[in-house]
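Please walk me through this structure, beginning with its interior and then turning to its aromatic rings and charged side chains.

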Amino acid sequence: MGNDDHRRRKTPCGFCMAVFKWIPVLFITAVIAWSYYAYVVELCIRNSQNRISMIFMLLFYHLFLTLFMWSYWRTIMTSVGRIPDQWRIPDEEVSRLFRADSPDTQKRILNNFARDLPVTNRTMNGSVRFCEKCKIIKPDRAHHCSVCSCCVLKMDHHCPWVNNCVNFYNYKYFVLFLGYALVYCLYVAFTSLHDFVEFWKYDNNGYSAQGQLNASGMGRFHILFLFFIAIMFAISLVSLFGYHIYLVLVNRTTLESFRAPIFRVGGPDKNGYNLGRYANFCEVFGDDWQYWFLPVFSSRGDGYSYPTSSDQSRVSTTSPVQRYDAMGDTAASRLDGNPTDKLIGASPLDNTNHHHNQSPHQVRSTSVQPTQLLQVQPPSPFRDELNERQEQLANGQSLNCITAAARSRPGECGVNGAAVYIDMIGDHPLKGADPAKVSPCPPNGDLPV
């Protein structure tokens with residue numbers, strides 16, 4: 001819990017609120033305690049006629065109950081953690097931030113402080129995410145919980161049934177709690193179904209149609225309500241457990257499913273952390289299968305930084321094409337090194353309509369380095385002609401578009417019959433170009449662009 005939560009508990013109102021938060025947990029605990037009595041005492045001990053079947057029923061019941069309660073207890077008692085001081089902004093920087101006269105100034109202050117922190121998430125205006133209550137830079141996927149009064153790592157949601165935030169440290173326990181609760185309810189409903197059907201054969205004195213007393217009057221109603229409550233909770237748990245299994249497989253939190261995280265490079269993307277189903281599953285449940293179904297911590301990572309789908313694609317693919325959909329002016333939100341600038345390279349011209357078919361957010365990169373592009377020199381047969389054209393421009397004379405190269409190879413232009421694509425960095429000749437596809441010389445003698 002946060003520091004504000006401890007201060008609230010010191011007041012009478014804060015103490016009452018702290019007690020009120022435990023009411024859902026006490027309700028669930030009371031229901032489980034009653035179900036234990038109804039199943040073990042009324043259904044198995046007092047009503048079972050076959051001792052062997054009773055032993056097996058009790059054996060599996062206590063196994064599922066133990067896993068269920070173990071996961072539930074770990075979900076409740078696991079702390080949300082504390083974000084280290086390196087993420088906390090000093091008081092003087094906070095004062096400068098609040099006194100800033102423009103959002104751009106605030107953005108520069110936050111970006112400068114977070115330049116050494118592993119943050120990739122941004123706000124709508126491209127700034128580093130900042131919590132005004134905790135005075136910290138928010139780590140990726142972290143959010144401030146108003147109930148816990150602190151920032152929570154990989155916050156999924158605040159669950160009143162566990163009186164805790166579902167977060168990086170207890171998300172595995174929460175999913176196991178839902179799964180084992182569903183198994184527990186289905187098992188109780190399935191094993192009590194026969195007695196539930198027999199209930200309707202009893203007369204007012206508690207005798208069945210065959211005249212055999214199987215349970216007392218109140219015991220029969222315990223079994224009846226046990227079946228109803230088990231079915232009711234199982235129906236609600238099916239949808240909730242299925243939804244969180246889906247979130248695990250796509251590596252997404254509940255908050256991210258409603259509002260996509262915004263990345264420094266790429267903008268908002270709901271699938272920004274999707275690494276593949278198996279990798280997503282292992283990120284929550286760990287790499288060792290022996291601990292997958294036990295409520296012990298085995299999740300990957302530290303909760304502060306997470307691999308993204310773009311990192312995965314750069315490792316697993318060799319394609320030179322890299323895409324990113326920028327949201328607004330992403331250049332203003334880049335930190336040291338300007339990572340998006342590193343994506344810009346030069347590429348040969350595929351056809352004359354290359355620029356018309358290319359997406360405005362798609363760039364090509366090749367093995368040619370920018371320094372190599374700047375050092376490209378025309379071949380020696382054309383140096384004299386290039387100097388002559390420069391002298392004509394200096395004297396104010398018009399240029400002659402019929403060059404020696406064009407006369408020797410009509411219908412072609414460029415260096416050695418290759419088209420030249422003017423990139424952001426320099427000129428790069430297309431080697432091995434098909435002469436039939438090379439664009440003809442324009443009327444003004446310029447190179448095709």
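A nonpolar core is a set of buried Ala, Val, Leu, Ile, Met, Phe, Trp, Tyr and Cys residues joined through side-chain atoms within 4.5 Å. Buried here means under 20% relative accessible area. The model is a predicted one, and its largest nonpolar core has 51 residues. Within this core, the residues with the most contacts are Tyr-39, Tyr-61, Phe-68, Phe-177 and Phe-285. Two or more residues come from each of the elements H3, H4, H7, helix H8 (193-199), helix H9 (217-250) and H11. The element that gives the most is H7, with 14 residues. In soluble globular proteins, nonpolar side chains tend to be buried together.

A second core of 24 residues is separate from that one, and includes Trp-87, Leu-110, Cys-151 and Tyr-306.

Aromatic rings come next. The structure holds 24 aromatic pairs. One of them joins Tyr-36 and Tyr-61, whose ring centres are 5.9 Å apart and whose planes meet at 40 degrees, so this pair is tilted. An angle under 30 degrees would count as stacked and one over 60 as edge-to-face. Tyr-36 belongs to helix H3 (residues 23-45) and Tyr-61 to helix H4 (residues 51-77), so the pair links distant parts of the chain, 25 residues apart. How buried or exposed are the two rings' residues? Tyr-36 is partly exposed, with a relative accessibility of 34%, whereas Tyr-61 is buried, with a relative accessible area of 0%.

What does Tyr-61 touch, leaving aside residues up to four places away in sequence? Its contacts are Ser-35, Tyr-36, Tyr-39, Val-40, Tyr-184, Tyr-187 and Val-188. Several of these names return in a wider grouping: Tyr-36, Tyr-39, Phe-60, Tyr-61, Phe-64, Phe-68, Tyr-72, Phe-174, Phe-177, Tyr-184 and Tyr-187 form one aromatic cluster.

Another aromatic pair consists of Phe-168 and Phe-297, with centres 5.9 Å apart and 70 degrees between the planes, an edge-to-face arrangement. Phe-168 is in the loop between strand E6 (164-166) and helix H7 (171-191), while Phe-297 is in the loop between helix H11 (277-285) and helix H12 (309-316), so the pair ties together parts that are 129 residues apart in sequence. Phe-168 is buried, with a relative accessible area of 5%. Phe-297 counts as partly exposed, at 40% relative accessibility.

Charged side chains add a further set of links. There are seven salt bridges in the structure. One of them joins Arg-141 and Glu-283, at 3.8 Å from N to O. Arg-141 sits in the loop between strand E2 (136-137) and strand E3 (143-145), and Glu-283 in helix H11, so this pair links distant parts of the chain, 142 residues apart. Both partners count as buried: Arg-141 at 2% relative accessibility and Glu-283 at 5%.

Arg-141 also lies over the faces of aromatic rings. Its distance from the ring centre is 4.1 Å for Tyr-273 and 5.0 Å for Tyr-306. Tyr-306 is one of the residues of the second core.

Helix H11, which holds Glu-283, is largely enclosed by the rest of the structure, because seven of its nine residues are buried. Those buried residues are Ala-279, Asn-280, Phe-281, Cys-282, Glu-283, Val-284 and Phe-285. After H11 comes Gly-286, whose phi is positive, near 95 degrees.

Other salt bridges span short stretches of sequence. Arg-96 and Glu-93 form one, with the closest N and O atoms 3.2 Å apart. Both lie in helix H5 (residues 91-99), three residues apart, about one turn of the helix. An α-helix has 3.6 residues a turn, so residues three or four places apart point the same way. Arg-96, at 42% relative accessibility, is partly exposed, and Glu-93, at 22%, is partly exposed as well.

Glu-42 forms a salt bridge with Arg-46, the closest N and O atoms being 3.0 Å apart. Here Glu-42 is buried, with a relative accessible area of 2%, but Arg-46 is exposed, with a relative accessible area of 52%. Finally, Arg-82, Asp-85 and Arg-88 are joined into one network by salt bridges that share partners.

How values were computed: Residues numbered from 1 in each chain as written. Predicted model: local features only at pLDDT ≥ 70, side-chain atom pairs only at ≥ 80, totals over all residues. Heavy atoms only, no water. Phe/Tyr/Trp six-rings, centres within 6.5 Å; stacked < 30°, edge-to-face > 60°. Helix = DSSP H or I, 4+ residues; strand = E, 2+ residues; numbered from the N terminus. Buried < 20%, exposed > 50% of the residue type's maximum accessible area, 1.4 Å probe, protein only. Lys NZ or Arg CZ within 6 Å of the ring centre and 35° of its normal. Contact = heavy atoms within 4.5 Å. Salt bridge = Lys/Arg side-chain N within 4 Å of Asp/Glu carboxyl O.
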